[in-house]
Amino acid sequence: QVQLVESGGGLVQAGGSLRLSCAASGSIFSIGRMGWHRQAPGKQREFVAIITSGGDTNYADSLKGRFTISRDNAKNTVYLQMNSLKPEDTAVYYCNADITNRQFMINNYWGQGTQVTVSS
């Protein structure tokens with residue numbers, strides 16, 4: 001079994017910062033790409049950022065410069081540093097990862113989500 005567990009969400013005022021974490025655990029052989037998506041109320045889930053095992057990153061154009069994705073391979077953890085937060089960043093944030101388990105099967109796993117609320 002493989003699990004992704006997010007943490008770090010909460011309520012913050014506009015202009016503030018939050019750091020989300022997502023830790024993978026279980027029967028893991030290796031982890032490839034790790035990323036973040038978000039879903040605001042009444043909207044479709046959208047891409048936020050992704051990072052490869054080698055550290056290459058890609059971001060949604062609208063978030064470049066405010067959000068930073070990083071990972072700690074030793075801890076099987078991906079982070080999302082969010083600065084200069086805006087009310088429109090309010091959403092449930094989900095992490096996902098391409099994980100090869102110890103049976104050498106590759107799947108894309110998702111966490112349960114963590115709520116981020118930005119007040120104006």
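Partly exposed describes a residue with a relative accessible area between the buried limit, under 20%, and the exposed limit, over 50%. At 36% relative accessibility, Glu46 therefore counts as partly exposed. Please keep in mind that this is a predicted model. With that in hand, let us walk through its charged and aromatic side chains.

**Salt bridges**

Side chains of opposite charge can pair when their charged atoms come close. The count here comes to 5 salt bridges. The table shows some of them.

| Pair | Closest N to O distance |
|---|---|
| Asp98 and Arg33 | 3.1 Å |
| Arg38 and Glu46 | 2.6 Å |
| Arg38 and Asp89 | 2.9 Å |

The Arg38 and Asp89 pair links distant parts of the chain, with Arg38 in strand β4 and Asp89 in the loop between β8 (77-82) and β9, 51 residues apart. Both Arg38 and Asp89 are buried. For Arg38, the relative accessible area is 7%, which is why it counts as buried. Salt bridges with shared partners join Arg38, Glu46, Arg66 and Asp89 into one network.

Next comes the bridge between Asp98 and Arg33, at 3.1 Å from N to O. This pair also links distant parts of the chain: Asp98 lies in strand β9 (residues 91-101) and Arg33 in strand β4 (residues 28-39), 65 residues apart. Arg33 has 47% relative accessibility, so it counts as partly exposed.

**A buried acid without a salt bridge**

Which side chain of opposite charge is nearest to Glu6? It is Arg45, 7.7 Å away, and Glu6 is buried yet has no salt bridge. A salt bridge needs a nitrogen to oxygen distance within 4 Å.

Glu6 belongs to strand β1 (residues 2-7). What does its side chain approach instead? A polar atom of the Glu6 side chain lies 2.8 Å from the backbone nitrogen of Cys95. Another backbone nitrogen, that of Gln112, is 3.0 Å from a polar atom of the Glu6 side chain. Beyond its neighbours within four places in sequence, Glu6 is in contact with several residues, including Cys22, Trp36, Tyr94, Gly111 and Thr114.

**Aromatic rings**

A pair of aromatic rings is described by the distance of the centres and the angle of the planes. The model has 1 aromatic pair by the rule used. Phe29 and Phe104 form this edge-to-face pair, with 4.9 Å from centre to centre and 70° between the planes. Phe29 is in strand β4 and Phe104 in the loop between β9 and β10 (106-110), so far along the chain that 75 residues separate them. Phe29 is partly exposed, because its relative accessible area is 49%, whereas Phe104 is exposed, at 56%.

Rings also meet charges here. The charged end of Arg19 sits over the ring of Tyr79, 4.0 Å from the ring centre. Likewise, the charged end of Arg45 sits over the ring of Trp110, at 4.9 Å from its centre.

**Around Tyr59**

Is Tyr59 buried or exposed? Its relative accessible area is 15%, so Tyr59 is buried. Tyr59 is found in strand β6 (residues 57-59). The side chain of Tyr59 reaches the backbone nitrogen of Ile69 at 2.9 Å. Not counting residues up to four places away in sequence, Tyr59 touches Phe47, Val48, Ala49, Lys64, Phe67, Thr68 and Ile69. Tyr59 and Trp36 are 23 residues apart in sequence, and their C-alpha atoms are 9.5 Å apart in space.

Terms used:
Residues numbered from 1 in each chain as written. Predicted model: local features only at pLDDT ≥ 70, side-chain atom pairs only at ≥ 80, totals over all residues. Heavy atoms only, no water. Helix = DSSP H or I, 4+ residues; strand = E, 2+ residues; numbered from the N terminus. Buried < 20%, exposed > 50% of the residue type's maximum accessible area, 1.4 Å probe, protein only. Lys, Arg positive; Asp, Glu negative; His and termini not counted. Polar contact = N/O pair within 3.5 Å; in protein donor to acceptor, adjacent residues only side chain to side chain. Contact = heavy atoms within 4.5 Å. Phe/Tyr/Trp six-rings, centres within 6.5 Å; stacked < 30°, edge-to-face > 60°. Lys NZ or Arg CZ within 6 Å of the ring centre and 35° of its normal.
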